[in-house]
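Visitor: Could you walk me through how to read the features of a structure like this one? I would like the general idea each time, and then the case at hand.

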Amino acid sequence: MQPPAVRRRRRWWPVPPSLLVGIAPLVLFATYSIVRSRPSDDYDSLGLTTDSVLHDLVVPESIVAAVLVVVVTALGWWRIATVDPTRGRPRWTMLAPILVLAVCIGRLPLVDWAGKSVDYFLLLTVGVLLVGVFEELLTRGVLMVGLRRRLPEVGVWLASCALFGLLHFVNVLAGAPVDQTVVQVVFAASFGSTLYLARRLTGNLLAPVLLHAFWDFGAIAVSASRGAGLDFFLVGLLGLAAFAVLLLGVVAGALVAWRDDRAWRLRRRWRTVTAMDRL
């Protein structure tokens, strides 16, 4: 007598990775940003004062970061969203994140340290860390998990960088000039490639979070130092260096993703070969 068949229960948690679930938080955040933004917002004043850092950066980023943490916990995606089982290669591509780090360090002497209070820099540090956690967990974390269900790694690299850049286009609704925002979108997409490298080459999300936060700290702090005898020659020189480094990051990111897809390309190639031809 055959034993009765055991009925398998469907697993509901962790939620199985899918493209729809991976992209949903980004769409919801973009929608929230569009609804919240107003043309009368003074975008250029963001981060210039302690009050602005607190109310325009720390408070809203705390809210969205907390919501995203709850979402990732509910999905059960912490491991797959923050850790890669293998590290990317070739290793020399780590040069791109290292050079971005050098640009961040090069900005520090341009900051008006004496003209701002300790509270300003402490709040700015907290704010940019929250930005790093939220945006990296959103784009280099949850989004990449979803993209990897449907796309080869090159597609994941390209889509995650492009969507990260386009996410910044909502700044137009917050009062940013259109031409300036278009440049920011291209710049952010390129920077996204270096952040992708930081994750792939270290195997975890912590490196891009810290690199993103350090970059934003310098960008905002230098912008807040505009009226304190800022050396615009050095600012321009660092800008050119950043452009060259980010271009390297795009090339290196594409190379790492392409190399990861080698096994995938071989499988596709063998699908078109009949069994007899393989002998």
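Guide: Happily! Let us begin with surface patches: they are made of residues with over 30% relative accessible area and no salt bridge, and like charges are joined within 9 Å. Keep in mind that this is a predicted model.

Visitor: Which residues gather in a patch of positive charge on the surface?

Guide: Arg87, Arg89, Arg91, Arg259 and Arg262 do. One of them, Arg259, sits in helix H9, which covers residues 232–260.

Visitor: Is Arg259 buried or partly exposed?

Guide: Arg259 counts as partly exposed, because its relative accessibility is 34% and that class lies between the buried limit of 20% and the exposed limit of 50%.

Visitor: What about nonpolar patches? Which residues make one here?

Guide: Leu54, Val59, Ile63 and Val67 make a nonpolar surface patch of about 310 Å². Val59 belongs to helix H2, residues 50–75, and with a relative accessible area of 38% it is partly exposed.

Visitor: Let us turn to the backbone. How should I think about peptide bonds?

Guide: In general, most peptide bonds are trans. In this model, the bond from Arg89 to Pro90 is cis, with omega near 5°. Arg89 is also a member of the positive patch, while Pro90 is placed in the loop between helix H3 (78–82) and helix H4 (95–107).

Visitor: And the overall fold: how many helices and strands does the protein have?

Guide: There are 11 helices and zero strands, so the pattern along the sequence reads α-α-α-α-α-α-α-α-α-α-α under the DSSP-run definition. Of the 279 residues, 40% count as buried. The accessible surface comes to about 15,700 Å², and carbon and sulfur atoms hold 68% of that.

Visitor: How can I tell what share of the contacts links residues far along the sequence?

Guide: Take the contacts with a separation of 6 or more: residues 24 or more positions apart account for 85% of them. For a single example, look at Ser18, in the segment before helix H1 (19–36).

Visitor: Which residues does Ser18 touch, not counting those up to four places away in sequence?

Guide: Leaving out those neighbours, Ser18 touches Trp77, Gly146 and Arg149. Ser18 and Gly146 are 128 residues apart along the chain, yet their C-alpha atoms are separated by 4.9 Å.

Visitor: Why does Ser18 count as partly exposed?

Guide: Ser18 counts as partly exposed because its relative accessibility is 23%, and buried means under 20%.

Conventions. Residues are numbered from 1 along each chain as its sequence is written. This is a predicted model: local features need pLDDT of at least 70, side-chain atom pairs count only at pLDDT 80 or more; totals for chains, interfaces and linings use all residues. Side-chain values use heavy atoms; hydrogens and water are left out. Patches are made of residues with over 30% relative accessible area and no salt bridge: like charges are joined within 9 Å, nonpolar side chains (Val, Leu, Ile, Met, Phe, Trp, Tyr) within 5 Å. Accessible areas come from the Shrake-Rupley method with a 1.4 Å probe; for residues, only the protein chains shown count as cover. A salt bridge is a side-chain nitrogen of Lys or Arg within 4 Å of a carboxyl oxygen of Asp or Glu. Lys and Arg count as positive and Asp and Glu as negative; His and the chain ends are not counted. The place of a charge is taken as NZ of Lys, CZ of Arg, CG of Asp or CD of Glu. Helices (H or I, at least four residues) and strands (E, at least two) are DSSP runs, numbered from the N terminus. Buried means under 20% relative accessible area, exposed over 50%, partly exposed in between (1.4 Å probe, protein chains only). Contact means heavy atoms within 4.5 Å.
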